[in-house]
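Colleague: I have some labels to query. Walk me through the reasoning behind each one.

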Amino acid sequence: MLNLNLRDLSDMRVTTFQASLATLCTLPSDRRVRSAHTIGRIACLLLVCLLDIDAAAQYIMQGRVVDAANKEALVGAVIRLGTGGATADLDGNFEFNYTPNGNDTIYINHISYEGARIPLAQWPTYQGTVALRMLPAMWNVVVVSAGKFEQKIGEVTVSMEVLSEDLVRDKNAITADEAVQQAPGVHIIDGEPQIRSGSGYSFGAGSRVQILVDDLPVLSGDAGRPSWGSLPIENLSQIEIIKGASSVLYGSSALSGVINMRTAYPADTARTVFTLFHGMYSDPEEDSAKYWTGTPMRSGLSFLHSQKFGAWDVVLGGSYLGDDGHLGPIKEEGQSFEKGYNPFTADRYYATSRGRLNANIRRRSKRVEGLSYGINTNWGMSNSLATLLWENVNDGLYSAYDGSATRTKQLIGTVDPFIQYFNSKGGKHTLRSRWQSLDNDNDNDQGNFSDVYYGEYQYQQNWDSLGLTHFTTTVGVVRIHTDARGQLFSGGNTNGRNQADNTSAYLQLDKKFGKRLHASAGVRYEQFAINEETSSKPVFRAGINYQLAKATYIRSSYGQGYRFPSIAEKFIVTGVGAINIFSNPELRPETSSNVEIGLKQGFKLGSFMGYLDLAAFEQQFDQFVEFTFGQWTKPVFAPGVPLQEALQKSFGFKSVNTGQARIRGAEITIMGEGKWKKMKVQALAGYTYTLPISLTPNYAYGENQGSPPTDINYLNTSSDTTNHLLKYRMQHLVRADIGVQASKWNAGVSMRYNSHMQNIDNAFQELEDMIPALFNPGINTWRQEHTDGDYVIDVRVGYTFLAKHRVALVINNLLNRTYAIRPLAIEEPRVSVLQYTLSF
């Protein structure tokens, strides 16, 4: 709609002024002089009026931006005309006033689509709606996590990986960590994510990788550990992984990176998906390892319904899993180990039964354009029997060491109210909150319970519509309060009750200079408090990305990290079999700095397009926290207590500050998509090399309480000090996945390789010699026989029929290899799963 009344009025007054001048010229000379003064005054007044009218002449531009293929609204499209502009709202609509400046072209852009340039004279032919065409898939990988707004992956200043919904679905990933471990540079140890060797083994306490769902943290408030099974994987859009320090935007736990699960809101077309699966575990590779009869099984189901009801967006989902686990049944005197499969019990080591329901509800306000609000909630219950240590390497690899199994009945839930407002000038206000409740009822009388209260306000401004193009500012404040209870965290005279608070504020600036240079910079200030201890620190980051050619990007970044210890690291007190865990109330925060340079090269080979990414990186830590074995207490010799048992109780693990450490490395990844003959092909592969070393191997971070006492340091606690490699790291990681689709068929193969873990705690090996009667799992024998690393191959094939139905066969660990990522914890043998999916 265009309003021309003021312009017409302006033209009329110009005509009147011209007529007055003509009349002046016909008057006698004496009257012309007097009249000239009068008309001069009138002319000045008219000129001022004309200038005011032109300056105030406002045109109204309004319309809608949609996807050319499916007519879905394109939220966030930027529209510019003259001096005016706007950002499309949640329904794709826009409206703004503008003043002409001689440029009569409308510019409409969206990060995932080809832009449009429309001459103003042609606008009526569009009838108020502009349809944009999506860019080719590999040039259209869009991420949010790098800057908390949409960016093309080639233009971000940090290393990132993206796992698609298709890959997660095709692999029949039951939990998000099963999918994440396929990403280059990432592996999971006992549920703990590690990126580029940034972490070792920590007994599930404290994470250097922040786990998010739609930018909200999901790590537990007491231990800083993710509950992977509680995450809503059935509503996945994609998984984004940032590699390197990300504390500026995501806080303390993002010391080494971020894993962000992005879920989807409903499209204009309703969507319903039901999935059923059933599978079985193969017998172990070694016949002697099987001490039971029968076959362990797993089965499950999931559902998703996503639909718009007028202004309401509703997503409902849920899942159930019954899993025997890959280990043997519980060893009890006289037990025959012939129990049949029951998906509702957990009667074997590593067995799980788990159910979950979630709902996302959002309303788009009709009264206030750009306003939306809603609530998300997710609740799950589970019964599991986890074990920390295998029994022995002969016939007990798939059994649990005496006392090392723990049954946990868990209830976990989140309630997330939110409000979001987009204004027409590219501004976005977001207010998010969360209540997360965790109840772990353990059978060893050491349950733990926590409530986390999270609140964040964020304002983001895209300045394009205001004339400052390609500039985005993000500012926010965060407040987190944790209330944790339980005897598990009773160290340091806390009586099991601990309070933690985190207050922070952050600012990030992202700007594109010209057509090639992208720059970002940010700062965050955080203050932590656990009980009565407080600490605070600012952290900074900066990065640039320069487009050397059409599909060639070079990037460099620097980021600082700061991590305050979790409640569990400071106050945990427990024992698992022959292994004790000690508290350390004096544990201090750790800091890091991360530097990276990278090159991303786009390529096109026939119809196959993709990216090749090369990166070199270094991360350096101070006050580095490691979970380390030592003799932390003096043995208590009492009448009737065997000497070996008294000694055993003085040994165990504790989280300690170990001085300085450094990780250097390089990584190459490739991601692509295209067609070969009549098949669609997708590929993701990568190789990561790291050199994680201690810079202070002689630093004494404790004292062995023997006689006489001796220092505890890296050198005397490591099994292999060659090159001063950090413990529980694998220097070489290879990840690869290729999928093909032809007509109604699809197939794929995945491969993962982890090199040998060169260095572990020497005490594991020494204890077998010192107290074999109490601790003799055969770790020395295992490590001597397994020095070449481990590789695992998974395959999948699927068929779609009658448009809505799909069946698939997924086989993980196809070669049925016996392997362990972490010493004393055997991984799954071959698992074959048949999957059925109904989508409509």
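**Labels and their reasons**

Modeller: Start with Tyr373. Its relative accessible area is 34%, so Tyr373 counts as partly exposed. Keep in mind that this is a predicted model.

Colleague: Why is Tyr373 called partly exposed rather than exposed or buried?

Modeller: Buried means under 20% and exposed means over 50%, with partly exposed in between. Tyr373 has 34%, so the middle class applies. Tyr373 sits in strand 21, residues 371-387.

Colleague: What makes Tyr373 part of a nonpolar surface patch?

Modeller: A patch residue needs over 30% relative accessible area. Tyr373, at 34%, passes. Its partners in the patch are Ile419, Leu431, Tyr457 and Val477, and together they make about 420 Å².

Colleague: How do you know that Glu234 and Arg356 form a salt bridge?

Modeller: The rule asks for a side-chain nitrogen of Lys or Arg within 4 Å of a carboxyl oxygen of Asp or Glu. For Glu234 and Arg356 the N to O distance is 2.8 Å, and the pair qualifies. The two residues are 122 residues apart. Glu234 is in the loop between strand 14 (216-217) and strand 15 (236-243), while Arg356 is in strand 20 (residues 352-364).

Colleague: Are Glu234 and Arg356 buried or exposed?

Modeller: Buried is under 20%. Glu234 has 14%, so Glu234 is buried. Arg356 has 4%, so Arg356 is buried too.

Colleague: What makes Arg364 and Asp313 a salt bridge?

Modeller: Their closest N and O atoms are 3.0 Å apart, and the limit is 4 Å. Arg364 lies in strand 20 and Asp313 in strand 19 (residues 312-323), so the bridge ties together parts 51 residues apart in sequence. Both Arg364 and Asp313 are buried.

Colleague: How do you know that Glu596 and Arg555 meet in a salt bridge?

Modeller: The N to O distance is 3.2 Å, again within 4 Å. Glu596 belongs to strand 32 (residues 590-605) and Arg555 to strand 29 (residues 552-563), with their positions 41 residues apart. Glu596 and Arg555 are both buried.

Colleague: Why is the group around Glu596 and Arg555 called a network?

Modeller: Its salt bridges share partners. They join Glu161, Arg196, Lys243, Arg555, Glu596, Lys600, Asp613 and Glu667. By the same rule, the total count is 42 salt bridges.

Colleague: What makes the phi angles of Lys71 and Tyr728 worth listing?

Modeller: Each is positive in a residue other than glycine. Phi is near 65° for Lys71 and near 60° for Tyr728. Lys71 is in the loop between strand 1 (59-67) and strand 2 (78-81). Tyr728 is in the loop between helix 8 (714-717) and strand 40 (732-742).

Colleague: Which class of accessibility does Lys71 get, and which does Tyr728 get?

Modeller: Lys71 has 46%, so Lys71 is partly exposed. Tyr728 has 3%, so Tyr728 is buried.

Colleague: What makes a set of residues a nonpolar core, and which members touch the most others in the largest one?

Modeller: The members must be buried nonpolar residues joined through side-chain atoms within 4.5 Å. The largest core has 57 residues, and Trp390, Ile579, Phe653, Phe764 and Phe775 touch the most other members. Among the elements that each supply at least two residues are strand 27 (517-530), strand 35 (651-657) and helix 9 (762-770). A second, separate core has 47 residues, including Val143, Val186, Ile242 and Tyr611.

Colleague: What is Trp390 in contact with, leaving aside its neighbours within four places in sequence?

Modeller: Its contacts include Leu397, Tyr401, Pro777, Trp782 and Leu824.

Colleague: Which residues of helix 9 are buried, and what covers them?

Modeller: Asn762, Ala763, Phe764, Gln765, Leu767 and Glu768 are buried. Their cover includes strand 31, strand 34, strand 35, helix 8 and helix 10.

Colleague: Now the whole protein. How many helices and strands are there, and why is the protein called as compact as a globular one?

Modeller: There are 10 helices and 44 strands. The radius of gyration is 32 Å, close to the 28 Å that the globule rule gives for 840 residues, so the protein is as compact as a globular protein of that length. The C-alpha atoms fill a box of roughly 135 × 65 × 45 Å along the principal axes. Buried residues make up 55% of the 840.

Notes
Residues numbered from 1 in each chain as written. Predicted model: local features only at pLDDT ≥ 70, side-chain atom pairs only at ≥ 80, totals over all residues. Heavy atoms only, no water. Patch = residues over 30% accessible without salt bridge, like charges linked within 9 Å, V, L, I, M, F, W, Y side chains within 5 Å. Areas by Shrake-Rupley, 256 points an atom, 1.4 Å probe, with all protein chains shown as cover. Helix = DSSP H or I, 4+ residues; strand = E, 2+ residues; numbered from the N terminus. Buried < 20%, exposed > 50% of the residue type's maximum accessible area, 1.4 Å probe, protein only. Contact = heavy atoms within 4.5 Å. Rg over C-alpha atoms; globule rule 2.2 N^0.38 Å.
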